[in-house]
Amino acid sequence: FNDLFAPFIAEAGPDLDCISTHLYDAYGTMDHIDETGVSWRTGSNLDAVLDLMEAYEQSTIGKVLPHLISEMGALWTGSGSNDGHHKVVTYFPRHDWQLLCSVTAITMMLMQRADRVAKSVPFIIATAPWHAESFIENGKYAYPFSLYRFNVTGDETWNHPTFMSLYYELWSGAEGERVSMASSDASVLVQAFCSIADQRLTVFVHSLYDGVREVNLEWPLAFVGSLDASAQLSRLKWSGATVEDGAPVITKETLASNAVPSTLTLSARETALLSFTGPSISSACASTDGGLEEELTYHHNTTLQTLPSGGSATYEFDDLRSGPGASLDGTATVRRVVLRLGLGGLLSSYDAASAATEGTLEVFVSGTKVPVDVEAMMAGGRGKLHVRGQDSSFFGALAVPVDAGLMPTAPGAAVPIVVSNTMTGHSIT
């Protein structure tokens, strides 16, 4: 960051309209079909990297450059069994599943900063004719980002579909306006959309966990009490019992009408889609909490500050939107506050922090101690850390919920945030 990104932004930033970035989870070799040894970008590292970019831009050039995520998804490193053909891999349905999981997670995480993302493009293409020679040599090879594979046993045309179209099938349900939602578990991603014209509410829930997870669903009482709608549950999941046996599938199940589920059981990295359609949806979406909710993001000017073991640092935020009972415009009320803390350092010290019950990393907001659970507040937790092989260091963002009552009650008041640390050699953003 200090050698490349920082000097580039300092020099070229004032003349840029946006900043282009590629976001990929990097799996193992071309023949790799399990999820061991993955270099994860999804999860806490994605948030930490984009937060760091934004904070540095704000402090250096006085504005946050819009993100143009011109490629995103998954890739496979190493040579594998591709006979020297670049990026041509042995075809496995599991590769399609890995890419589907990665691109879905990245899509949902980017929606959390929708005001700062100009465009995001999944790296999924129709065909790859420039690799036709290698496909003809051996029909087991494929370009893993394609919607279609080359048919070597028939008429040698691109007419053998992969499972990548499931991404578009899944997200075709995201119509209408984005609806306010939140998750208390950083490793469970959630997004929701309401189409008043179609009388439909659609809720997406994606698990970053590598095992089965049960999640609790909480709905506005006004929505549940007046629900007059049919309901359907769709799931994008892996169909087999092992990584070798199965394929990505979307299953669909009709639920009881006029009722909402209180729990969902998600398999590893599954995405569930709840869809409600009926006459009560339009009025519920139009009237809930008076309509629009505004989300504001504040970046601190200090980035990558080393916080020595036993040390502490104070970060002061000025001109925040005021808390409950008062606001800058006299109408808005702060309902939800999250402190994002970028944390980097040695993996061994992270493991010590996540295992400790208290005292390893402490945060005080306006003098009040805020509970911090390092493992639970990092998206993906220990299982989705982006770890550098050179020195076993990591970089990830914690999402720390803060009581809205700790926000200022008068416009322009400062909010001091104190972070104290007993971990060795960490940087804070």
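**Group meeting talk: strands, a pocket and a cavity**

Let me start with strand β18, which is mostly covered: seven of its 10 residues are buried. Keep in mind throughout that this is a predicted model.

So who sits beside β18? The strand pairs with β22 in the antiparallel sense, over 10 bridges. If you want to find that pairing on your screen, look for Leu341, which stands opposite Leu398 in β22. Another pair to click on is Arg340 with its bridge partner in β22, Ala399.

Now β22 itself. This strand is mostly covered too, with eight of its 10 residues buried. It also has a second pairing I'd like you to see: β21, residues 387-388, is joined to β22 by two bridges, and those two strands run antiparallel. There, Val387 stands opposite Phe394 in β22. β21 and β22 make a hairpin with four residues between the strands, and in that hairpin Ser392 takes a positive phi near 55 degrees.

Let's step along to Ser393. This residue lies in strand β22. Is Ser393 buried or exposed? Its relative accessible area is 12%, and the cut-off for buried is under 20%, so Ser393 counts as buried. And what is Ser393 in contact with, once we leave aside its neighbours within four places in sequence? The answer is Gly345, Leu346, Leu347, His386, Val387 and Arg388. Leu346 may ring a bell, as β18 covers residues 337-346, and you have already met Val387 opposite Phe394.

Okay, let's zoom out for a moment. The protein chain has eight helices and 24 strands. Of its 429 residues, buried ones make up 47%. Here's one more number for the whole chain: take the contacts between residues at least 6 apart in sequence, and 73% of them join residues at least 24 apart.

Back to details, and over to the other end of the chain. Helix α1 spans residues 5-12, and in it Phe5, Ala6, Ile9 and Ala12 are buried. Why do these count as lining one face of the helix? Look down the axis of α1: the buried residues fall within an arc of 165 degrees, so they line one face. As for what covers them, that includes β1, residues 19-27, and α2, residues 44-61.

Those two elements come up again in the second largest pocket. About 620 Å³ of space lies in there. It is lined by 23 residues, and the closest to its centre are Phe1, Val49, Leu52, Arg388 and Phe395. Yes, that's the Arg388 we just saw in contact with Ser393. Which elements each supply at least two residues of this lining? They are β1, α2, β18 and β22. So our opening pair of strands is back. The largest share, five residues, comes from β1. By class, the lining divides into 10 nonpolar, 10 polar and three charged residues.

Next, the cavity. How many cavities of 30 Å³ or more does the structure hold? Just one, and the largest cavity has a volume of about 30 Å³. Here's the full lining to highlight: Asp25, Thr42, Cys101, Ser102, Ala105, His206, Ser207, Leu208, Arg269 and Lys384. α3, residues 93-110, and β10, residues 200-207, each supply at least two of these. α3 gives the most, with three residues. In terms of class, this lining has three nonpolar, four polar and three charged residues.

β10 is a good bridge to my last stop, a sheet. Six strands form an open sheet, in the order β8-β9-β10-β15-β12-β13, and the pairing is antiparallel. Which strands stand at the edges? They are β8, residues 177-178, and β13, residues 248-255. Each has a single partner strand, so one side of each is left without a neighbour in the sheet. The partner next to β13 is β12, residues 230-238, and eight bridges join the two. To spot one of the paired positions, go to Ala231, whose bridge partner in β13 is Leu255.

That's my tour. If you take one thing back to your desk, try following β22: it pairs with β18, it pairs with β21, and it helps line the second largest pocket. Thanks, everyone!

Note on methods:
Residues are numbered from 1 along each chain as its sequence is written. This is a predicted model: local features need pLDDT of at least 70, side-chain atom pairs count only at pLDDT 80 or more; totals for chains, interfaces and linings use all residues. Side-chain values use heavy atoms; hydrogens and water are left out. Buried means under 20% relative accessible area, exposed over 50%, partly exposed in between (1.4 Å probe, protein chains only). The arc is that of the directions from the helix axis to the C-beta atoms. Contact means heavy atoms within 4.5 Å. On a 1 Å grid over the protein atoms alone, a cavity is a set of points where a 1.4 Å probe fits but cannot get out, and a pocket is an open set with protein on both sides within 12 Å along at least five of seven lines; lining residues have an atom within 4 Å of a point. Grid points are joined across faces, edges and corners, and a volume is the space filled by probe spheres set on the points. Ala, Val, Leu, Ile, Met, Phe, Trp, Tyr, Cys and Pro count as nonpolar, Asp, Glu, Lys and Arg as charged, and the others, Gly among them, as polar. Two strands pair if DSSP finds at least two bridges between them.
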